[in-house]
Amino acid sequence: PRRQPPALAPGAVVIPRDQHGISRKDISNNALRVLYRLDEAGFQAYLVGGAVRDLLLGGRPKDFDVATDASPDQVRQLFRNCRLIGRRFRLAHIHFGQEIIEVATFRGTGDDGDRKLDNGRLLRDNIYGSLEEDIFRRDFTINALYYNIADFSLRDDAGGVADIGARRLRLIGEPEARFREDPVRMLRAARLAAKLGLTIEPRTAAPIRELKHLLENVPQARLFEEILKLLLSGNAVACVQLLRELDLHHGLLPLLDDALDDPHTGPFAMAALKATDERLRDDRPV
């Protein structure tokens, strides 16, 4: 028997299916299979994050992520093609050939679970909670949009739809605390703003220069992964320019920094970045 949907929390913002532009025909069939199976098993199931954001912006998402109240072990029981990964964040990866649908359990804000911090930086976070807690644990408002497969509505408690309309990138919560919790969010802010043509809200941008040194404590593997996303986003020129505007590039891309400052190599380096962007837009290898 289907479980009754939970009562809406005070302050919940639900946009009905006829008031937003998201259509199931634009969602990966494999993501829909995951959403429907979770829903049929009595769990809450939402398409979340960048896929919802990009669909609202008229783009074509490459990755489709799902959020649910099912625990990672419960997800694994539902899908034979599931692997659990991650220590920092426990996630379920459901494999369909080359496509992977990532399923995350709603994150909580309590103390009942596996959480570890170091001077405000989140090292491990496997505390599970409600949908409402999960919404406000996300980084930016435009990434805190939840498409509900049960009735095709959109949950927008953080105001992401308004920020998309205003072409604004806004961090959820108090910016300094959120950047200390995960310094990589500063790089993500630059990448998303450059990729999507958004303006970083002044309150969000204000602490970045003061906190940029926190990136020195981030594991090299995470920084490497984020830099690849920056340079292979199809918007490398805009990303690098914004990194320099925010003074985030020092120590991250030292050779590129030296090249751009040199009047002889600077134009060549920018031409190389531009050519990379063009090749990616044409779906050619780099």
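Author: Contact here means heavy atoms within 4.5 Å. By that rule Arg185 touches Arg137, Asp139, Phe140, Leu171, Arg178 and Phe179, leaving aside residues up to four places away in sequence. The model is predicted.

Reader: Why is Arg185 called buried?

Author: Its relative accessible area is 8%. Buried means under 20%. The value of 8% falls under that cut-off, so Arg185 counts as buried. Arg185 is found in helix α7, residues 184-196.

Reader: What makes α7 roughly parallel to α10?

Author: The two helices pack at an angle of about 5°, with their axes 10 Å apart. Angles under 35 degrees count as roughly parallel. At about 5°, α7 is therefore roughly parallel to α10.

Reader: Which residues make that contact?

Author: From α7 come Val184, Leu187, Arg188 and Arg191. From α10 come Arg222, Leu223, Glu226, Lys229 and Leu230. They divide into 4 nonpolar, no polar and 5 charged.

Reader: How do you know what to call the arrangement of α11 and α13?

Author: Again, start from the angle. Helix α11 (residues 236-245) and helix α13 (residues 266-281) pack at about 135°, and their axes lie 8 Å apart. That makes α11 oblique to α13. Roughly perpendicular covers 65 to 115 degrees, and roughly antiparallel needs over 145. The angle of about 135° meets neither condition, so oblique is the term.

Reader: Which residues meet there, and how do they divide into nonpolar, polar and charged?

Author: Ala236, Val237, Val240 and Gln241 are on the α11 side. Met270, Leu273, Lys274 and Asp277 are on the α13 side. The count is 5 nonpolar, 1 polar and 2 charged.

Reader: What is buried in α11, and what does it pack against?

Author: Ala236, Val237, Cys239, Val240, Leu242 and Leu243 are buried. The buried residues of α11 pack against α7, β12 (199-200), α10, α12 and α13.

Reader: How does the length of α13 compare with what is expected?

Author: α13 has 16 residues. From first C-alpha to last, α13 reaches 23 Å. The expected span, at 1.5 Å a residue, is 22 Å. The two values are close.

Reader: Which residues of α13 are buried, and why say that they line one face?

Author: The buried residues are Gly266, Ala269, Leu273 and Asp277. Viewed down the axis of α13, they fall within an arc of 80°, so they line one face of the helix. An α-helix has 3.6 residues a turn, so residues three or four places apart point the same way.

Reader: What is exposed on the other side, and what covers the buried face?

Author: Pro267 and Phe268 are exposed on the other side of α13. The cover over the buried residues of α13 includes α10 (220-231), α11 and α12 (254-261).

Reader: What makes Asp247 and Asp283 worth a look?

Author: The sign of phi. Most residues other than glycine have a negative phi. Asp247 is not a glycine, yet its phi is positive, about 65°. Asp283 is not a glycine either, and its phi is also positive, about 60°. Asp247 sits in the loop between α11 and α12. Asp283 lies in the segment after α13.

Reader: Are Asp247 and Asp283 buried, partly exposed or exposed, and how do you know?

Author: Use the relative accessible area. Asp247 has 22%. Buried needs under 20% and exposed over 50%. The value of 22% lies in between, so Asp247 is partly exposed. Asp283 has 72%. That is over 50%, so Asp283 is exposed.

Reader: Why is Thr109 called partly exposed?

Author: Its relative accessible area is 48%. Exposed would need over 50%, and buried would need under 20%. Thr109 therefore counts as partly exposed. Its place is the loop between β6 (99-105) and β7 (114-118). Thr109 and Ser130 are 21 residues apart in sequence, and their C-alpha atoms are 9.1 Å apart.

Reader: What makes Ile15 buried, and where is Ile15?

Author: Ile15 has a relative accessible area of 15%. That is under 20%, so Ile15 is buried. Ile15 is in strand β1, residues 14-15.

Reader: How far is Ile15 from Leu154 in sequence and in space, and what does Ile15 touch?

Author: The two are 139 residues apart in sequence. In space, C-alpha to C-alpha, they are 4.9 Å apart. Ile15 touches His20, Ser153, Leu154, Asp156 and Val161, not counting residues up to four places away in sequence.

Notes
Residues numbered from 1 in each chain as written. Predicted model: local features only at pLDDT ≥ 70, side-chain atom pairs only at ≥ 80, totals over all residues. Heavy atoms only, no water. Helix = DSSP H or I, 4+ residues; strand = E, 2+ residues; numbered from the N terminus. Buried < 20%, exposed > 50% of the residue type's maximum accessible area, 1.4 Å probe, protein only. Axes fitted to C-alpha atoms, helices over the stretch in contact; angles between N-to-C directions. Nonpolar A, V, L, I, M, F, W, Y, C, P; charged D, E, K, R; others polar. Expected span 1.5 Å × (residues − 1). Arc of directions from axis to C-beta.
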